[in-house]
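Colleague: Please choose one part of this model and take me through it slowly, setting it against the chain as a whole. I would like to follow the reasoning as well as the values.

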Amino acid sequence: MTNIPALCAAAFLLTTGISMVLRQVATAAEQRPGVLAVAWLCVALGVDLVLFGFFPGEPISGTAFGFRVGGAAALFLLVWQGCLRVHKQALAMERPAELLRQSRSEATRLRAQLADASVLRQPERLTTTRIHRYPVAGRPDRHLGVITGDLKNVDFVDVWVNSENTDMQMSRFHERSVSGLIRYEGARHDASGRVVEDCVADALARRVAGRTPVTPGTAISTGPGKLAERNKVRRIVHVASVIGEPGNGYRQARALTRCVTNALREAEHPESPGAGTPGGAAASIVFPLLGAGEAGADPVDTARALLTTAYEYLASDRPVSLRAVYVLAYTDAELSACRRVLGTLSGSRGARR
């Protein structure tokens with residue numbers, strides 16, 4: 001005779017146990033063994049009651065946990081033990097997938113943190129002028145270097161390179177660019193600091209009159225204006241490393257290595273007629289990170305291309321007048337990028353003054 005109360009209790013236990021198991025499976029990362037043991041206990045009791053509700057006189061016996069048991073206890077223990085074993089095996093099979101999900105979630109979280117840190121962390125301006133020198137292999141009389149801080153504090157380099165656009169139009173005096181700084185510092189001022197003669201910009205305009213825009217990579221020399229007195233500069237080499245597009249601003253020229261090579265060659269040549277500079281080739285030159293300012297180019301990629309090209313130029317077998325090529329690092333981010341590249345090229349940490 002069917003035992004209705006037993007079946008009702010069995011239904012309740014099975015529903016409770018299976019619900020608990022499903023809830024734990026849905027939150028696999030937070031599974032708790034105690035909860036699972038209770039859940040399968042309810043399932044085992046439910047199965048036990050179902051069988052004995054329909055077959056109250058049926059004898060059952062078996063072995064569970066190493067002991068021989070019989071009757072209802074045997075069925076309960078056998079079902080419980082079997083459920084736990086199956087669940088453990090299922091968890092073991094799902095473990096690699098769960099670890100992969102956790103790894104992906106952690107990677108996503110770390111990427112988000114890195115993006116936030118990049119946004120919040122602004123490059124710090126370097127105010128102190130320091131020189132980091134790196135040797136050129138096989139050329140003890142030549143070296144590459146990084147100069148930190150403001151370019152207007154540099155008074156030991158023969159040639160300053162101006163990163164200019166293909167129209168050869170210098171920046172306005174008060175713009176935060178190397179072009180604007182060279183234009184203002186090279187101009188003649190009155191007692192109040194007002195520009196009364198735009199020496200460098202006027203010289204550049206005369207050199208390119210009727211010939212603009214120029215090809216990216218073009219390098220043109222002009223005199224340094226008042227920078228000759230204030231900073232002992234012998235020449236300004238204007239190199240077309242930036243291309244302007246109406247409505248889109250400026251972008252770095254793709255021919256960056258050509259820009260560097262042409263600027264180095266221009267610095268070594270005797271001044272062309274009309275340049276308005278003293279004769280003779282230069283021994284030292286300083287570059288900004290061409291196109292990494294307003295044009296927004298990546299400073300690491302720019303430093304790598306610029307310094308690698310300069311290193312190969314100085315390491316060549318042909319005679320060169322240049323003995324030192326410097327790069328200006330205006331921020332700590334630019335300094336880090338340059339030192340990383342130079343450390344790889346020279347195999348040395350460099351010397352600092």
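Modeller: Thr-222 is a convenient place to begin, and it belongs to strand β8, which covers residues 219–222; please keep in mind throughout that this is a predicted model. Because its relative accessibility is 0%, Thr-222 counts as buried, the cut-off for that word being under 20% relative accessible area. The side chain of Thr-222 also makes a polar contact, at 2.8 Å, with the side chain of His-238.

From there I would turn to helix α4, the part I suggest you examine most closely. Seven of the eight residues of this helix, which runs over residues 178–185, are buried, and therefore α4 is largely enclosed by the rest of the structure. The buried residues are Val-178, Ser-179, Gly-180, Leu-181, Ile-182, Arg-183 and Glu-185. Their cover includes two strands, β5 (159–165) and β9 (235–245), together with two helices, α5 (199–208) and α6 (227–231).

The same helix also takes part in the largest pocket, which holds about 1,200 Å³ of space. Besides α4, the elements that give two or more residues to the lining of this pocket are β5 and α9 (332–346), and α4 gives the most, with five residues. The lining has 39 residues in total, and those nearest the centre of the pocket are Arg-176, Ser-177, Val-178, Gly-293 and Glu-294. By class, 18 of the lining residues are nonpolar, 11 are polar and 10 are charged.

For a second buried site, look at Leu-322, in the loop between α8 (299–315) and β12 (324–329). Leu-322 has a relative accessible area of 0%, which means that this loop residue is buried. Leaving aside residues up to four places away in sequence, Leu-322 touches Arg-142, Leu-264, Glu-268, Ala-282, Ala-283, Ser-284, Ile-285, Tyr-313 and Leu-314. Leu-322 and Arg-265 are 57 residues apart in sequence, while their C-alpha atoms are 9.5 Å apart in space.

As for the setting of these parts, the protein chain contains nine helices and 13 strands, and 43% of its 353 residues are buried. Of the contacts between residues at least 6 apart in sequence, 66% join residues at least 24 apart. The accessible surface of the chain is about 18,900 Å², with 57% of that area belonging to carbon and sulfur atoms.

Notes. Residues are numbered from 1 along each chain as its sequence is written. This is a predicted model: local features need pLDDT of at least 70, side-chain atom pairs count only at pLDDT 80 or more; totals for chains, interfaces and linings use all residues. Side-chain values use heavy atoms; hydrogens and water are left out. Buried means under 20% relative accessible area, exposed over 50%, partly exposed in between (1.4 Å probe, protein chains only). Helices (H or I, at least four residues) and strands (E, at least two) are DSSP runs, numbered from the N terminus. Contact means heavy atoms within 4.5 Å. Accessible areas come from the Shrake-Rupley method with a 1.4 Å probe; for residues, only the protein chains shown count as cover. On a 1 Å grid over the protein atoms alone, a cavity is a set of points where a 1.4 Å probe fits but cannot get out, and a pocket is an open set with protein on both sides within 12 Å along at least five of seven lines; lining residues have an atom within 4 Å of a point. Grid points are joined across faces, edges and corners, and a volume is the space filled by probe spheres set on the points. Ala, Val, Leu, Ile, Met, Phe, Trp, Tyr, Cys and Pro count as nonpolar, Asp, Glu, Lys and Arg as charged, and the others, Gly among them, as polar. A polar contact is a pair of N or O atoms within 3.5 Å; within protein, one must be able to donate a hydrogen and the other to accept it, and residues adjacent in sequence count only if both atoms are side-chain atoms.
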